[in-house]
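Work through the exercises below with the sequence and the 3D view open. Each task is followed by a solution in steps.

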Amino acid sequence: MKKDFVSVIIPVYNGEKYIGRCLESVINQSYKQIEIVIVNDSSKDCSLEIIKQYLADNPNITLINNCTTLGAAESRNCGLKHTDSEYVLFLDCDDWIDINCIEKAVNKFHQNPQVDIVIWEIKTSYSYNKISSRYSYCYNNVLTNKMALSLLSHTIDNEFFLSPLLGCKLIKKELIDTHNILFPATIYEDDMFTFLLFLYSKKIALITGKCLYYYQHPESLTHHFTDKYIEDFFNTFNQLYYYIKDEKYKIYYYKYLDKCLKSMINSMLNNISDIHMQTMYKAQILKSFYKNINIEEYYQYSFSLTI
């Protein structure tokens, strides 16, 4: 394993409008021991041509071309196989980071060897040139894994919470390798992967004043809703359930399920205006819920489901 090196894994599918901005934010980091692994997921636009221009000038970029479109989850898993850096960052091609995020995160690892993940703040950027604060922290706290799971799942009331987005996290690759953490082939891959990272971590550190810029545009997944969202949601949480071997972590699982389910329902309501379609999707969600979830356990830990 390459000590102190950082691998930035970037899956790209039809990202010609955004990939240049993303790469510039990584290439120009103040920290220089960085390898960039780009997984071109069989893009149909000019993404590959743009990437090749960067390849010519940046020997630290590795390009992997998927023969067919595998999706972001499998592309990230593929990227993981091609890196042996000490740390790893997963960045979506339409997002970008402040240019000294990585240096500040690596310093945090050096200060506390028990830290497995460093998290920075998130701002949401919109296609109409607006930026809003999404997740911000007042202090450079170091959290236990239980506290991190509480803030991810909203198990406790608090002044701030943690996001499942991966572009705000620098992760020790040893944590991923030791516990064989992989992305599920669903559109909720971030949710499961982040929960497992926190579950197996010793300590999680926060840093203030540095940001992931999470870009929202009309093509974003958050601006669509289909049957697949429901199917993938319950598939993801069924897979996640089998990792919860210790009873004391089930409260975080069910609170997280509850939080994410509410988010999915809100996404459906925000994207589907037809009342008949909303009613149909609600019925489908309720049916899938009772089919896939251990109802007796669920009501031991959470009582707030409303569909």
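The model is predicted.

**Exercise 1. Strand β1 and its partners**

Task: Determine how strand β1 (residues 2-12) is covered, and find the strands to which bridges join β1.

Solution.
Step 1. Count the covered residues: of the 11 residues of β1, 8 are buried, so the strand is mostly covered by the cut-off of under 20% relative accessible area.
Step 2. Look for bridges to β4 (residues 85-90): there are 5, and β1 and β4 run parallel. One pair to locate is S7, whose bridge partner in β4 is V88.
Step 3. Look for bridges to β2 (residues 34-40): 7 join β1 to this strand, again in a parallel arrangement. Here V12 stands opposite N40 of β2.
Step 4. Follow the chain from β1 to β2: the path passes through helix α1 (residues 19-27), and this β-α-β crossover is right-handed.

**Exercise 2. The turn after β1**

Task: In the loop between β1 and α1 lies N14. What is the sign of the phi of N14, and how exposed is this residue?

Solution.
Step 1. Recall the usual case: most residues other than glycine have a negative phi.
Step 2. Read the angle: N14 is not a glycine, yet its phi is positive, about 50°.
Step 3. Check the accessibility: the relative value for N14 is 31%, so the residue counts as partly exposed.

**Exercise 3. The nonpolar cores**

Task: Find the largest nonpolar core, and list the contacts of I10.

Solution.
Step 1. The largest core has 98 residues. I10, F90, W120, L197 and F198 have the most contacts inside it.
Step 2. Helix α9 (residues 250-271) gives the largest share of this core, with 10 residues.
Step 3. Take I10 and leave aside its neighbours within four places in sequence: its contacts include I19, C22 and L23. I36, V37, I38 and V39 are also among them, as are L91, D92 and C93.
Step 4. Search outside the largest core: another core, of 5 residues, lies apart from it and includes Y18, W96, C211 and Y213.

**Exercise 4. Empty space inside**

Task: How many cavities of 30 Å³ or more are there, and which residues line the largest cavity?

Solution.
Step 1. Recall the principle: rolling a probe the size of a water molecule over the atoms shows where empty space is left.
Step 2. The count is 1 cavity of 30 Å³ or more.
Step 3. The largest cavity holds about 50 Å³ of space.
Step 4. Its lining consists of R76, F90, D92, D95, L165, L166, G167, D190, L212 and Y214.

**Exercise 5. An enclosed helix**

Task: Why is helix α5 (residues 145-153) described as largely enclosed, and where do its buried residues pack?

Solution.
Step 1. Count the buried residues: 7 of the 9 in α5 are buried, so the rest of the structure largely encloses this helix.
Step 2. Name them: N145, A148, L149, S150, L151, L152 and S153.
Step 3. Trace the packing: these buried residues of α5 pack against β8 (142-144), α7 (189-200), β10 (203-216) and α9.
Step 4. Move on just past α5: H154 has a positive phi of about 60° there, although H154 is not a glycine. H154 belongs to the loop between α5 and β9 (169-172). At 36% relative accessibility, H154 counts as partly exposed.

**Exercise 6. Three single residues**

Task: Are S125, L196 and K282 buried or partly exposed?

Solution.
Step 1. S125 sits in strand β6 (residues 115-126). Its relative accessible area is 6%, so S125 is buried. Not counting residues up to four places away in sequence, S125 touches W96, K130, I131, Y214, Y215 and Q216.
Step 2. L196 is part of helix α7. With 0% relative accessibility, L196 is buried. Not counting residues up to four places away in sequence, L196 touches I181, L240 and Y243. From L196 to L182 the separation is 14 residues in sequence and 9.3 Å in space, C-alpha to C-alpha.
Step 3. K282 is in helix α10 (residues 275-292). Its relative accessible area of 31% makes K282 partly exposed. K282 and Y137 are 145 residues apart along the chain, and their C-alpha atoms are separated by 35 Å.

Definitions and conventions:
Residues are numbered from 1 along each chain as its sequence is written. This is a predicted model: local features need pLDDT of at least 70, side-chain atom pairs count only at pLDDT 80 or more; totals for chains, interfaces and linings use all residues. Side-chain values use heavy atoms; hydrogens and water are left out. Buried means under 20% relative accessible area, exposed over 50%, partly exposed in between (1.4 Å probe, protein chains only). Helices (H or I, at least four residues) and strands (E, at least two) are DSSP runs, numbered from the N terminus. Two strands pair if DSSP finds at least two bridges between them. A crossover is right-handed if, with the strands pointing away from the viewer, the path from the first strand over the helix to the second runs clockwise. A nonpolar core is a set of buried Ala, Val, Leu, Ile, Met, Phe, Trp, Tyr and Cys residues joined through side-chain atoms within 4.5 Å. Contact means heavy atoms within 4.5 Å. On a 1 Å grid over the protein atoms alone, a cavity is a set of points where a 1.4 Å probe fits but cannot get out, and a pocket is an open set with protein on both sides within 12 Å along at least five of seven lines; lining residues have an atom within 4 Å of a point. Grid points are joined across faces, edges and corners, and a volume is the space filled by probe spheres set on the points.
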